[in-house]
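Me: I've got a new structure open and I'd like to know what's behind the words people use for it. Can you take me through it?

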Amino acid sequence: MNGAVYVNGTWSDRATATISVYDHGLLYGDGVFEGIRAYAGRIFRLAEHVERLFDSAKAIHLAIPHTREELAAIIQEAVRRSGLADAYIRPVITRGVGDLGLDIRKCPAATVIIIVDTISVWPPERYEQGLDVVSAATPIPHREALSPRVKSLNYLAHVMAKLEGSLAGADEVLMLDPAGFVAEGSGQNLFVVRQAVIRTPPVSAGILQGVTRDAVIELARAAGYTVEESILNRYDVYTADEAFLTGTASEVAPIRRYDGRIIGAGRAGPITRDLHARFHALVRAG
Ligand code: PMP
């Protein structure tokens, strides 16, 4: 079986890896995580993901018991041990084992988990045909309740949103923020294209700063496109020429329909395809 799991210095696999039922990651969703990909054995933007993990941990007052360099080395070792050239890597840092109360002072040591496996979010043909997307009823958490910029283990709002999409027969959802602006997918950032101008919500509005989002913005600007970070309404998506989602697991995925409205020509548009190709070239180039 390919894949690897690291828990606090011990190597195992999917079938045998264990953590305590007293771990506050399980009891309270008290922890942070990352989603990273390796392409042909090379990890895409590892330093950026490790930096975001440390920022998420800092924001919830969680001390990671490693330096950035040590953690990056463990992640690289996990990929080597997995035997997978194309892999999805899931580092998870929890508050660790405590008692049944909320007090983090009873959790002396964080739990460090690295899982290396594979992932597929939608069938391959969706990247050509586009995704059917609906608005989720569940909004993303208010930015001062649980900052969406923290990649925390509290993903229940996103899980509920994804479920609402599945129950509606859609491939994916767009989650609104508490003010009603379009924020992000259940695990993706959003871009729209109108008259060749590419727009995406600003991070300060309260969304996760996607590593893929940043890469796509850089690629688009380098290719001469205009990219603006601006607040978006559902109207902006309904009336877009093209719309697409970005994420580590999802990569660059076109939207063909949103809340029943056909977006542009109803399949991957030319700018989406161009950026998808550029993104693939970038991840393969390392
Ligand atoms: N938003 C949310 C809520 C996510 O969970 C993710 C996936 N990490 C993203 C956006 C995209 O981020 P990235 O490109 O870093 O995977």
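Me: What makes the link between Thr212 and the ligand a polar contact?

Reply: Keep in mind that this is a predicted model. An N or O atom in the side chain of Thr212 is 2.6 Å from an oxygen atom of the ligand. A polar contact is a pair of N or O atoms within 3.5 Å, so this pair counts.

Me: Which polar side-chain atoms lie 2.7 Å and 2.8 Å from a nitrogen atom of the ligand?

Reply: For Lys151, a polar side-chain atom is 2.7 Å from a ligand nitrogen. For Glu184, the distance from such an atom to a ligand nitrogen is 2.8 Å. Set those against the 3.5 Å cut-off and both pass, so both are polar contacts. As for cover, the ligand on its own has 390 Å² of accessible area, and the protein covers 95% of that.

Me: Which residues around the ligand come nearest?

Reply: There are 16 residues around the ligand, and the nearest are Lys151, Tyr155, Val211, Thr212 and Thr248. Being near takes a heavy atom within 4 Å. H6 and strand S14 (242-247) each give at least two residues to this shell. As for the space that the ligand takes, that's the largest pocket.

Me: What makes S6 a mostly covered strand?

Reply: Strand S6 spans residues 87-94, and seven of its eight residues are buried. Buried means under 20% relative accessible area, so seven residues of S6 fall below that mark.

Me: How do you know that S6 pairs with S3, S4 and S7?

Reply: Count the bridges. S6 has three with strand S3 (residues 31-33), three with strand S4 (residues 36-39) and seven with strand S7 (residues 111-117). Pairing needs at least two bridges, so each of these counts as a pair. S6 runs antiparallel to S3, to S4 and to S7. To find them on screen, look for Phe33 opposite Val92 in S6, Ala38 bridged to Ala87 in S6, and Ile89 bridged to Val116 in S7.

Me: Why is Ser204 called exposed?

Reply: Ser204 has 59% relative accessibility. Exposed means over 50%, so Ser204 makes the cut.

Me: Where does Ser204 lie?

Reply: Ser204 is in the loop between strand S12 (197-200) and helix H6 (211-222). The C-alpha atoms of Ser204 and Arg149 are 8.8 Å apart, with their positions 55 residues apart along the chain.

Definitions and conventions:
Residues numbered from 1 in each chain as written. Predicted model: local features only at pLDDT ≥ 70, side-chain atom pairs only at ≥ 80, totals over all residues. Heavy atoms only, no water. Helix = DSSP H or I, 4+ residues; strand = E, 2+ residues; numbered from the N terminus. Buried < 20%, exposed > 50% of the residue type's maximum accessible area, 1.4 Å probe, protein only. Polar contact = N/O pair within 3.5 Å; in protein donor to acceptor, adjacent residues only side chain to side chain. Areas by Shrake-Rupley, 256 points an atom, 1.4 Å probe, with all protein chains shown as cover. 1 Å grid on protein atoms, 1.4 Å probe; cavity = no way out; pocket = protein on both sides within 12 Å on 5 of 7 lines; lining within 4 Å. Sits in = over half its atoms within 2 Å of the grid points.
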